[in-house]
Amino acid sequence: NFEEFVAEHKKELTENSGIKFFWGDVENADVWKALPQKQYDYVIGHYLIEFLDDVDGFIGRVANVLKEGGIFSVNGPAVSKEHLVWKKIFEELNLKTNFIKDVLQAEKMQTEQFAKLMQMHYQGVTMVELDNGMRYEDSEVALERLYHRYPQNRKYIEENEHIIKSYFDKVLEEEDAIFIDNTSIFWHCIK
């Protein structure tokens with residue numbers, strides 16, 4: 001429980017700083033009306049956007065409670081490096097990559113739309129990319145990740161599973177692990 005953690009470590013905060021917790025449905029406009037407007041220095045919305053029905057409304061409400069110069073940090077859409085790794089592997093194996101290219105294109109469009117939305121509400125918008133590669137020591141687990149990433153192409157992957165699994169097994173023999181580059185994207189937005 002983050003609220004308990006902060007309470008236990010309050011003495012470690014810098015002087016005159018504080019953290020306030022508000023519990024409520026972030027998509028309910030009444031919850032936001034109860035908060036003081038233009039008062040907050042920092043609002044964090046990590047790993048939240050993907051669960052919201054009204055992303056535009058949420059982003060606008062956060063902008064309303066931030067003071068000038070306040071920062072909103074949020075995860076949002078971005079082009080994942082992971083797709084580039086899968087694309088390269090499939091190319092090496094002479095397997096089709098069109099569905100991976102389609103996902104890359106869709107993510108690029110979502111990222112551009114999200115950036116435009118953020119720029120409507122914030123004067124400074126920066127996308128921060130943090131590497132968080134994945135390591136697999138079992139070809140079956142790596143294969144499951146591939147199925148998870150491209151569920152709409154499960155049949156094609158299943159048809160070529162023996163080729164992909166052989167590739168993974170070869171990598172495991174040579175390197176002891178399969179490494180898949182990936183990223184987490186955080187958008188830092190200044191009001």
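Strands here are DSSP runs of E at least two residues long, numbered from the N terminus. With that in hand, here are some close-ups of this predicted model.

**View 1. Thr183, a buried residue in strand β6.** Thr183 sits in strand β6. Buried means under 20% relative accessible area, and Thr183 comes in at 10%, so it counts as buried. Who keeps Thr183 company, once neighbours within four places in sequence are set aside? Its contacts are Val79, Ser80 and Lys81, along with Glu129, Leu130, Asp131 and Asn132. One of these, Asp131, stands opposite Thr183 in β6.

**View 2. The open sheet around β6.** Zoom out a little and you'll find four strands in an open sheet, ordered β1-β2-β6-β3, with mixed pairing. Which strands are at the edges? They are β1 (40-45) and β3 (124-131), each of which pairs on one side only. From one strand to the next, the twist averages 15°. Take a look at β3 and β6 (residues 183-190): these two run antiparallel and are joined by eight bridges.

**View 3. Helix α3 across the sheet.** Helix α3, made of residues 55-65, lies across β1 and β2 (66-75). Relative to β2, α3 runs at about 145°.

**View 4. Val103, a buried residue in helix α5.** Now for a residue in a helix: Val103 belongs to α5, which spans residues 98-121. Is Val103 buried or exposed? Its relative accessibility is 17%, so Val103 counts as buried. Apart from neighbours within four places in sequence, Val103 touches His83, Tyr150 and Gln152. Ser80 is 23 residues away from Val103 along the chain, and the C-alpha atoms of the two are 9.6 Å apart.

**View 5. Helices α6 and α8, packed together.** Two packed helices are described by the angle between their axes and the distance between the axes. For α6 (residues 139-149) and α8 (residues 161-175), the angle is about 130° and the axes are 9 Å apart. The pair is therefore oblique. As α6 passes α8, the crossing is right-handed. On the α6 side, the contact is made by Ser139, Glu140, Ala142, Leu143, Leu146 and Tyr147. On the α8 side, it's Glu161, Ile164, Lys165, Phe168, Asp169 and Leu172. Sorted by class, the contact has seven nonpolar residues, four charged ones and one polar one.

Key:
Residues numbered from 1 in each chain as written. Predicted model: local features only at pLDDT ≥ 70, side-chain atom pairs only at ≥ 80, totals over all residues. Heavy atoms only, no water. Axes fitted to C-alpha atoms, helices over the stretch in contact; angles between N-to-C directions. Parallel < 35°, antiparallel > 145°, perpendicular 65-115°, else oblique. Left-handed = near helix turned anticlockwise from the far one by under 90°. Contact = heavy atoms within 4.5 Å. Nonpolar A, V, L, I, M, F, W, Y, C, P; charged D, E, K, R; others polar. Buried < 20%, exposed > 50% of the residue type's maximum accessible area, 1.4 Å probe, protein only. Pairing = 2+ DSSP bridges.
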